[in-house]
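Hi,

Here is the two-chain model I said I'd pass on. Have a look at it first, and my notes follow underneath.

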Amino acid sequence: MKPTKTLLTAAALATAAGSLSAEEMTIVSWGGAYSKSQLKAYHEPYSEKSGVTILNDDSSAEAVAKLRAMNEAGNITWDVVDVVAADAIRLCDEGLAMEIDPDTMLAPAPDGTSAADDFGDLLVSDCFIPQIVYSTTFGYRTDLVGDTPPADVCAVFDLEAYPGKRSLEKRAINNMEWALICDGVAKDDVYDVLATPEGQDQALAKLGTIKDNVVWWSAGADTPQLLADGEIIMGSTYNGRLFSVIEEQNQPVAMLWDAQIFDLDGWIIPAGLSEERQQRALDYIMFATDTQRLADQAKYISYGPARASSAPLVGQHAELGIDMAPHMPTDPENAKNTFLYNYEFWADYRDDIEAKFQAWLAQ
Amino acid sequence: MTDASQNAGPMLAADGTPLKQSLARSLRRQKLRALLLISPLLLFVMFSFIVPIASMLFRSVENGMVAETLPLTVEALQSWDTQSGELPEEAVYDAFVRDMVVAVENKEHTRLGSRLNYEETGMSSLFRKSGRKLKKMDPETDGPFKEQLIEIHEGWGDPQTWSVIKTHSPAVTNGYFLNAVDMRRTPEGAQSQPEDKRILIKLFGRTLFMSLVITASCILLAYPVSYLLATLPMRVSNLLMILVLLPFWTSLLVRTSAWKVMLQQQGVINETLVWLGLVADDARLIIINNQIGTIIAMTHILLPFMILPMYSVMQTIPPTYTRAAKSMGATNWTTFWRIYFPQSIPGIGAGSILVFILAIGYYITPEIVGGTKGVFISNRIAYHISSSLNWGLAAALGTILLAVVLLLYWVYDKIVGIDNVKLG
């Protein structure tokens with residue numbers, strides 16, 4: 001009995017001492033393969049370099065609501081949070097994220113280009129540090145589309161050539177844009193048209209032509225599963241999910257990159273951290289968003305690094321050994337026809353159009 | 001006088017104090033001890049149940065943000081008539097710039113923008129864009145501001161913008177409740193939402209209707225199972241009980257996802273039916289991503305909540321009654337309907353209340369198997385909590401849902417009687 005007790009006491013003392021000396025930070029992300037890529041590319045090298053222990057929390061899907069609740073409770077337990085750009089804008093608008101000065105807080109490119117120029121237009125909010133470019137695009141079953149595989153996004157609306165179910169996300173964003181493009185609206189005019197009630201009706205009418213043949217998804221994993229089961233013949237999801245269905249699981253699925261909609265994912269630092277924790281978060285950000293680290297992440301997942309200077313450094317997949325560059329949404333071959341998501345527009349119109357869209361869905 | 005009243009006065013206890021007082025004191029001590037004993041539970045219920053509900057109720061009417069962020073503007077707008085169709089005077093613009101300089105300093109202006117954007121599309125970017133430019137202004141020297149503000153953003157030259165600010169400036173608002181029943185607050189009073197945005201009433205109706213259907217199908221399925229459980233020999237009924245409890249112990253998400261595999265068009269049920277030749281290959285049944293999917297999956301998930309109370313009530317029904325009825329010449333049906341069934345009603349009542357109240361607040365199962373036509377009001381509440389961040393509206397929806405449940409409970413009590421509910 002006695003030795004055990006001594007041992008326990010010693011262990012308790014050691015843990016207490018450990019928690020006193022070791023620095024910890026909580027990083028919030030999306031979980032799954034994406035968090036794994038961050039663990040390998042950012043967390044592990046950073047912990048090795050700085051000695052800071054990193055705790056993961058897979059709550060990014062709920063990040064905005066939770067940060068608001070933490071802010072109201074006056075107890076912020078997160079240090080760095082991974083969110084999509086639209087959420088970063090909301091957090092910045094709500095005063096829940098800290099403003100970032102790219103020139104002093106982010107690392108310049110190896111050739112000396114300032115971080116602001118290296119990220120360029122991707123710095124869509126004062127609080128947001130971009131990390132990856134991902135796209136929402138379509139995948140289709142190669143064995144179910146016949147001899148002429150779809151070449152452009154309007155195949156989704158073409159029930160005659162491609163009969164069968166398709167999957168679309170259960171929200172207005174992206175679907176409304178695709179509907180208008182396929183209804184003859186010029187790409188540059190899409191958001192001007194969508195800002196008018198007539199334009200919204202036009203988009204819904206176009207979606208109405210395929211409504212009975214759509215499976216609406218709400219989790220990113222739905223479309224890959226539906227494709228693998230042969231439940232749908234084509235469907236939208238994030239390009240990284242399709243990469244894993246095609247390359248890792250070897251399903252008879254191919255990418256339809258046409259009219260892929262680019263979006264950004266990146267970091268924010270919550271507002272209201274203590275001085276010490278804020279410094280630690282900034283130190284992590286400086287390290288994790290430099291040119292080499294962003295390029296490293298592409299070894300584990302097919303999302304494009306947000307820095308211009310990282311693109312030439314993208315190498316091979318860490319396990320499959322295939323070249324990752326052709327699988328990036330930003331690869332010139334894939335990016336022949338792309339569409340840039342308009343953050344400003346959706347920050348304004350989201351509530352309004354979403355209400356209409358949901359009412360339309362329920363009819 | 002005093003002497004007389006003392007003589008006729010109260011009985012005294014041994015220590016000389018009036019008996020009534022001494023009794024009250026000892027009773028009080030007892031009550032205090034009882035209170036102390038239940039205090040952990042009381043505190044727990046208080047902080048985990050009553051306080052959150054109260055704060056939710058409060059949030060659904062609370063609207064201090066506009067007046068707190070723009071105090072001078074709200075005051076200056078008092079004298080402006082929203083119906084006039086004209087822009088407010090310079091004094092309002094001046095007050096607004098003063099308010100905004102402070103708000104931008106405290107980073108509150110964008111928050112106000114996203115609050116007002118729930119009411120009028122475009123407010124979010126109006127405040128965000130204007131904030132950047134207003135930051136550089138000095139309210140003392142840079143006036144007059146009317147032209148300058150309209151120059152910064154044309155939205156400030158639209159009377160509608162000011163009308164929205166004025167309409168939503170009171171610290172207590174009915175606006176969220178109006179939104180929750182597909183109406184909105186306007187300067188002319190409450191008005192209906194445009195037809196193409198009405199959805200919430202429909203969802204409330206659907207939630208109630210489907211919860212009733214789910215409760216009814218649970219009753220139909222659970223009754224024979226419970227009857228078997230209660231009447232079969234112990235060894236067999238124990239085995240059956242395990243079959244009932246096994247899914248009950250499985251994660252909700254796993255069970256729901258399993259239904260997805262079962263019900264989809266290339267799923268187990270459809271494949272089997274096609275293989276048996278009961279269904280043509282090109283006419284597979286659509287039994288998921290609609291109301292049928294939600295009803296099937298939720299009936300399965302909630303079934304144990306119906307079986308268990310029914311079973312424990314049925315166990316207490318003495319078999320001698322039915323035997324007596326039969327011995328007096330009753331048919332099987334009459335015995336069941338006149339003797340057994342009435343005694344099992346308290347179990348049905350308890351199970352129904354449990355299942356119905358659980359069903360009405362269900363969220364994850366409809367989200368996964370409900371498609372577009374099988375989702376509940378709780379899915380909208382979740383959307384407003386985590387995506388649109390319109391917590392006021394979410395709170396109003398939640399409050400209405402709570403009120404509806406309490407109302408139905410009251411109706412149930414009037415019709416069936418709450419005394420007529422037993423868990424065993």
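One thing to keep in mind throughout: this is a predicted model. I'll begin with chain B, whose secondary structure amounts to 20 helices and two strands. Its radius of gyration is 32 Å, whereas the globule rule gives 22 Å for 424 residues, so chain B is more spread out than a compact globule. If you want to set up a box around it, the C-alpha atoms of chain B fill roughly 105 × 100 × 35 Å along the principal axes. As for burial, 35% of the 424 residues of chain B count as buried. Taking the contacts in chain B between residues at least 6 apart in sequence, 67% join residues at least 24 apart.

The domain assignment splits chain B into domain 1 (19–59), domain 2 (67–170) and domain 3 (200–420). Between the C-alpha centres of domain 2 of chain B and domain 3 of chain B there are 52 Å.

The two strands of chain B are β1 (residues 183–186) and β2 (residues 189–192), and they pair in the antiparallel sense over four bridges. Together β1(B) and β2(B) make a hairpin, with two residues between them. If you're checking the register, B:M183 sits opposite B:S192 in β2(B).

Now for where the chains meet. The contact involves 30 residues of chain B and 26 residues of chain A. On the chain B side, α6 (109–117), α7 (123–134) and α19 (377–386) each bring at least two residues. The largest share there is five residues, from α6(B). Sorted by class, the side of chain B that touches chain A holds four nonpolar, 16 polar and ten charged residues.

On to chain A, where both domains are built from two segments: domain 1 is 24–133 + 264–329, and domain 2 is 136–262 + 336–362. Their C-alpha centres lie 27 Å apart. Across the boundary, 13 residues of domain 1 of chain A are in contact with ten residues of domain 2 of chain A. Helix α4 (residues 85–93) of chain A gives the most to the domain 1 side, with three residues. That side of domain 1 of chain A has eleven nonpolar residues, two polar and no charged.

Two spots in chain A are worth opening in your viewer. The first is helix α7 (residues 175–182) of chain A, where eight of the eight residues are buried. Among them are A:E177, A:W178 and A:C182. What do the buried residues of α7(A) pack against? Their partners in chain A are β5 (166–169), α8 (190–194), α9 (197–208), β8 (253–268), β10 (338–340) and α14 (343–362). Just after α7(A), A:G184 takes a positive phi of about 95 degrees.

The other spot is A:W267, which belongs to strand β8 of chain A. Why does A:W267 count as buried? There are 25 other C-beta atoms within 10 Å of A:W267, and the cut-off for buried is 20 or more, so A:W267 qualifies. Leaving out residues up to four places away in sequence, A:W267 touches A:V80, A:V81, A:D82, A:I129, A:Q131 and A:I285. One more distance for your notes: the C-alpha atoms of A:W267 and A:T289, 22 residues apart along the chain, are separated by 9.1 Å.

Cheers

Definitions and conventions: Residues are numbered from 1 along each chain as its sequence is written. Chains are lettered from A and ligands numbered from 1 in the order in which they are written. This is a predicted model: local features need pLDDT of at least 70, side-chain atom pairs count only at pLDDT 80 or more; totals for chains, interfaces and linings use all residues. The radius of gyration is taken over C-alpha atoms; the globule rule is 2.2 Å times the number of residues to the power 0.38. A residue is buried if 20 or more other C-beta atoms lie within 10 Å of its own, exposed if 12 or fewer, and partly exposed in between; C-beta atoms are placed from the backbone. Two residues are in contact if their C-beta atoms, placed from the backbone, lie within 7 Å. Domain bounds come from an automatic or database domain assignment. Ala, Val, Leu, Ile, Met, Phe, Trp, Tyr, Cys and Pro count as nonpolar, Asp, Glu, Lys and Arg as charged, and the others, Gly among them, as polar. Two strands pair if DSSP finds at least two bridges between them.
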